[in-house]
Amino acid sequence: MDLVEKFDAKGKTGAGYHVEVFQTPVETADEGTPGSKTYKLADGRALDPLSDAKFKIIQTGEKIYRV
């Protein structure tokens, strides 16, 4: 997996988080096809993307938002 993006997010309490986006390379004849993305906090906790700007921390259920 390749790190393709980093951004900051905040929870409703104002707590800040650093999000890292990883993408799996796809080895096909069509090099323009992107692979699947995985979202994680910098501390390794997994995120469930709810939209482009809203995510849920899987372990706690807390929703965080891209800033």
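**Reading a strand protein, starting from Leu41**

Reply: Let's begin at one residue: Leu41 sits in strand 3, which covers residues 37–41. Keep in mind that this is a predicted model.

Me: Okay. Is Leu41 buried or exposed, and why?

Reply: Leu41 counts as buried because its relative accessibility is 3%, and the cut-off for buried is under 20%.

Me: Which residues does Leu41 touch, if I skip its neighbours within four places in sequence?

Reply: Leu41 is then in contact with Tyr17, His18, Val19, Leu47, Ile57 and Ile64. Hold on to Leu47 and Ile57, since we'll meet both again.

Me: And how far is Leu41 from Thr24 in space?

Reply: C-alpha to C-alpha, they are 17 Å apart, with their positions 17 residues apart in sequence.

Me: Let me zoom out. How many helices and strands does the protein have?

Reply: You'll find 0 helices and 6 strands. Reading from the N terminus, the order is β-β-β-β-β-β.

Me: How do I read the side chains along a strand?

Reply: Start with the general idea: in a regular strand, side chains alternate between the two faces of the sheet. Now look at strand 5, residues 54–57. Phe55 and Ile57 point to one face and are buried, whereas Lys54 and Lys56 point to the other face and are not buried.

Me: How does strand 5 pair with strand 4?

Reply: The two are antiparallel, with 3 bridges between them. Strand 4 spans residues 47–49, and here come our two contacts of Leu41: Leu47 stands opposite Ile57 of strand 5. The two strands make a hairpin, with 4 residues between them.

Me: What about the other pairing, between strand 5 and strand 6?

Reply: Those strands also run antiparallel, joined by 3 bridges, and strand 6 takes in residues 63–66. Try finding Lys54: its bridge partner in strand 6 is Tyr65. This pair forms a hairpin too, with 5 residues between the strands. In that turn, Gly61 has a positive phi of about 80°.

Me: Back to the whole protein: how much of it is buried?

Reply: Of the 67 residues, 24% are buried. The accessible surface is about 4500 Å², and carbon and sulfur atoms hold 49% of that.

Me: What box do the C-alpha atoms fill?

Reply: Along the principal axes, the box is roughly 45 × 20 × 15 Å.

Me: Last one: how are the charges placed?

Reply: Take the 10 positive charges and the 11 negative ones, and find the mean position of each group. Those two mean positions lie 11 Å apart.

Technical notes:
Residues are numbered from 1 along each chain as its sequence is written. This is a predicted model: local features need pLDDT of at least 70, side-chain atom pairs count only at pLDDT 80 or more; totals for chains, interfaces and linings use all residues. Side-chain values use heavy atoms; hydrogens and water are left out. Buried means under 20% relative accessible area, exposed over 50%, partly exposed in between (1.4 Å probe, protein chains only). Accessible areas come from the Shrake-Rupley method with a 1.4 Å probe; for residues, only the protein chains shown count as cover. Lys and Arg count as positive and Asp and Glu as negative; His and the chain ends are not counted. The place of a charge is taken as NZ of Lys, CZ of Arg, CG of Asp or CD of Glu. Contact means heavy atoms within 4.5 Å. Two strands pair if DSSP finds at least two bridges between them.
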